[in-house]
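Biologist: I should like to go through this structure with you, one question at a time. Please give the reasoning before each answer.

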Amino acid sequence: CTSGTYGVNCEQQCPEGCRFNSCNAFTGVCNKGCTTNYVTPDCKEKYPWLKSPPQLESSDFNSIKLKIDLNLKNIKGSNNLKPDYYQVAFKIASNESEFQYSEMKKIDEQESVIEITNLKPGILYTFGAILVSEDGNYNIEDIKTVDYSTKCLIPSDTNYNVSLLSGTNYINVTWNKLNYKNEEDCKITEYLVKLIFYNTNLQQLNYSEEVKSNNNNGYILENLLPGKKYAVQITAITATGQANPSNLSYIYTEPYGYIQIKNIKTELNKHSSLIITWDVDENQAYSPLNFEFKYKVNKHFSCSTKVLTNKWTSILVYNQTKKEISDLIPNTQYVIKVDPKIKGYTYEDYANIIFVKTPISKPNLTPVISENNSWYITNQSAYFCWTINNSECSKLNGFFQGYQIRLKDVLKETQVEKSIKENTVTFDELKPDTRYELQVYVLTNYGYNLEQGLLIPFKTKSKLPVDELIRKSIGIRWSFNDTDVIDGFIVIVIDENLNSTKQIIIEPKRCIAWPTFYCTTIDNLIPTNQYTIKIKAKSLDYPTGGKPENLKTTNVGPTYISLEWDIPWIHNGVLKSFIVNIEEISSKDIDKCCESKPDVEIPITEELPSYNCTINDLKPGSTYSIGVLSKTSSYGQTSKIHVTTLPYSAASDVEDEQTIQIEESTTSAQYYDSTAVNMYDDDDR
């Protein structure tokens with residue numbers, strides 16, 4: 001027979017108490033013995049057990065009294081064995097640990113009360129009773145159990161500190177685990193999470209549901225509706241009952257899908273900031289929504305009507321349909337865009353936008369003195385030139401109208417004021433040796449700003465003899481110890497106003513007046529200009545380029561001079577260009593002398609025997625100092641001539657012949673009157 005069967009044709013089953021379901025194939029006797037709960041040898045009857053579990057008599061913080069029903073009617077199992085003892089088995093209900101056992105008690109009565117001690121407060125225990133037969137065996141398999149808890153104090157301080165975080169279809173609920181203050185406090189076994197759904201349109205409860213969480217401090221409520229209002233309540237559950245619940249906490253789930261934005265409006269308040277408001281669908285009117293609020297400059301009308309390319313300034317607006325922005329640029333068009341921060345929909349670039357133009361305001365741009373030829377002052381007149389930074393045209397805050405200027409006599413405290421279109425002004429009939437202040441303001445259709453003005457204090461010149469104004473010079477001296485290694489000095493003169501450079505090479509001869517020094521005089525300079533002078537010692541092998549040969553004039557008129565020169569004999573490198581320097585050193589109208597022109601650089605593409613150029617826009621009857629130098633990897637020496645242009649009267653009498661006055665270049669020191677803008681110097685010589 002197969003395992004588990006015996007007898008004729010193996011039609012009978014082995015007794016259920018046989019170990020491994022194995023029995024003799026002829027007799028059916030368990031040949032491997034009985035299982036623990038069955039009586040040997042046939043293994044057909046179980047050891048006795050109680051049909052009902054122990055009953056609760058009383059409970060305390062650390063003990064429980066149980067009543068055991070030992071009546072024969074409550075005993076089931078073999079009738080051939082009489083139970084002599086009983087024993088209570090118990091363990092913590094939530095644990096998978098093995099049972100603990102009380103001491104064995106003699107069965108004398110039909111009912112017996114036993115107390116289980118050394119228990120923990122507020123813990124749920126599992127209890128059962130076993131019967132021990134006269135042979136010492138018992139049936140643990142069929143024990144009937146029941147759960148009872150010890151007494152405890154339900155927590156009174158229930159600060160759950162509930163926190164809610166929502167998505168489109170869920171709410172993540174977290175809370176603080178309740179702390180135990182003493183040993184008698186009830187232990188929290190689980191938490192009850194109650195979810196309540198509110199109809200925001202009707203402001204009433206729609207439904208609620210409850211779930212239990214074994215997690216001590218969190219639970220996720222799922223499968224919720226997007227954009228709806230919910231309330232959550234937490235209650236701690238102990239083995240003996242529920243603690244006080246938390247207050248209701250409210251939250252909206254995040255919206256999902258398209259939400260319409262409408263009625264975007266702007267309003268300028270008294271603080272020059274802009275208030276933007278908008279509306280949403282009525283279905284979302286009660287839902288807290290977050291918005292991405294963006295704005296950028298579209299046009300600076302103060303500059304042009306051209307559409308600009310700018311980045312957005314982005315701000316998140318939480319749970320409101322209003323935003324105020326400040327620090328806006330006047331007379332400027334802004335584009336404003338408002339999009340709900342939602343999932344499930346992306347708004348087009350040109351959706352939910354509005355254009356708004358800010359009003360004009362007082363200009364916030366200050367004129368600055370021009371870099372070149374910005375002023376000229378005589379004893380009776382003054383000329384000034386200024387400019388504005390066009391890259392900051394947005395600071396005009398309106399439409400450009402010109403300039404407002406004020407000229408103030410500092411001593412008499414009188415002033416003249418007028419509006420002009422140009423960025424230059426000339427004042428005539430001024431008083432010699434007098435201090436003035438010129439104020440220049442940008443003028444727009446709004447007006448001008450007294451806080452954004454250019455202030456130019458100046459002083460007219462005293463009347464001086466003509467011969468003191470003809471030549472303008474600077475004398476310098478310096479020392480150099482090692483005289484054996486030098487072959488001269490290189491004097492570099494940089495005009496900081498005109499950004500031009502002159503280079504002079506002088507012999508190493510000491511000064512007569514100061515025998516330990518070297519000295520030289522630099523003449524033909526421009527009054528009021530700032531100069532930087534550098535001195536370099538020239539060694540014996542310094543590669544000095546030659547100077548242009550045979551510099552001469554070929555034609556002279558009232559407003560032009562034509563020059564010609566031969567190529568230098570010595571280049572000391574590839575000839576790159578010639579630099580022509582022009583300076584006015586005397587004039588028929590001494591009050592308008594002396595004007596300097598920017599250097600002219602003539603590029604050289606091929607070497608020729610001679611070169612020429614014509615200088616235009618000169619003054620009639622003025623004498624000019626003209627220098628030509630060659631440029632290779634360094635500057636060569638300068639050839640100079642002095643030429644006087646023809647006056648208009650002489651030009652009308654002479655047709656083919658030109659009057660040319662050529663003077664030899666001199667190094668004699670002469671001094672001149674100099675008055676600088678922004679400076680009051682009584683000693684101007």
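Biologist: Which residue of β42 does V556 stand opposite?

Modeller: This is a predicted model. In it, strand β41 covers residues 549–556 and strand β42 covers residues 561–566, and the two pair in the antiparallel sense over 5 bridges. A hairpin of 4 residues joins β41 to β42. Across this pairing, the residue of β42 that V556 faces is I561.

Biologist: Into which domains is the protein chain divided, and where does domain 6 lie?

Modeller: Domain 1 consists of 45–111 + 124–150, and domain 2 of 163–253. Domain 3 spans 261–358, domain 4 spans 368–460 and domain 5 spans 473–539. The division ends with domain 6, at 549–645.

Biologist: How far apart are the C-alpha centres of domain 1 and domain 3?

Modeller: Domain 1 is made of the segments 45–111 and 124–150, while domain 3 is the segment 261–358. Between their C-alpha centres the distance is 78 Å.

Biologist: Which strands stand at the edges of the open sheet with the order β21-β22-β25?

Modeller: The sheet has 3 strands with antiparallel pairing. Two of them have a single partner strand each, so one side of each is left without a neighbour in the sheet. Neighbouring strands here are turned by 15° against each other on average, direction ignored. The edge strands are β21 (261–268) and β25 (322–325).

Biologist: Which residue of β22 is the bridge partner of I261?

Modeller: Strand β22 comprises residues 274–280 and runs antiparallel to β21, to which 6 bridges join it. The bridge partner of I261 in β22 is V280.

Biologist: Why is the ring pair of Y295 and Y334 called tilted?

Modeller: The count of aromatic pairs comes to 23. For Y295 and Y334, the ring centres are 6.4 Å apart. Planes under 30 degrees apart would count as stacked and those over 60 as edge-to-face. The planes of this pair meet at 55°, so the pair is tilted.

Biologist: How many residues apart in sequence are the parts that this pair ties together?

Modeller: Both Y295 and Y334 are buried, and ring pairs link them with W278, F291 and F293 into a cluster. Because Y295 lies in strand β23 (residues 290–300) and Y334 in strand β26 (residues 332–340), the pair ties together parts whose separation in sequence is 39 residues.

Biologist: Over the ring of which residue does the charged end of R477 sit?

Modeller: A charge counts as sitting over a ring if, among other conditions, it is within 6 Å of the ring centre. K46 lies over the face of W49, at 5.7 Å from the ring centre. For R477 the distance to the ring centre is 4.8 Å, and the ring belongs to F517.

How values were computed. Residues numbered from 1 in each chain as written. Predicted model: local features only at pLDDT ≥ 70, side-chain atom pairs only at ≥ 80, totals over all residues. Heavy atoms only, no water. Domains from an automatic or database assignment. Pairing = 2+ DSSP bridges. Axes fitted to C-alpha atoms, helices over the stretch in contact; angles between N-to-C directions. Phe/Tyr/Trp six-rings, centres within 6.5 Å; stacked < 30°, edge-to-face > 60°. Buried < 20%, exposed > 50% of the residue type's maximum accessible area, 1.4 Å probe, protein only. Lys NZ or Arg CZ within 6 Å of the ring centre and 35° of its normal.
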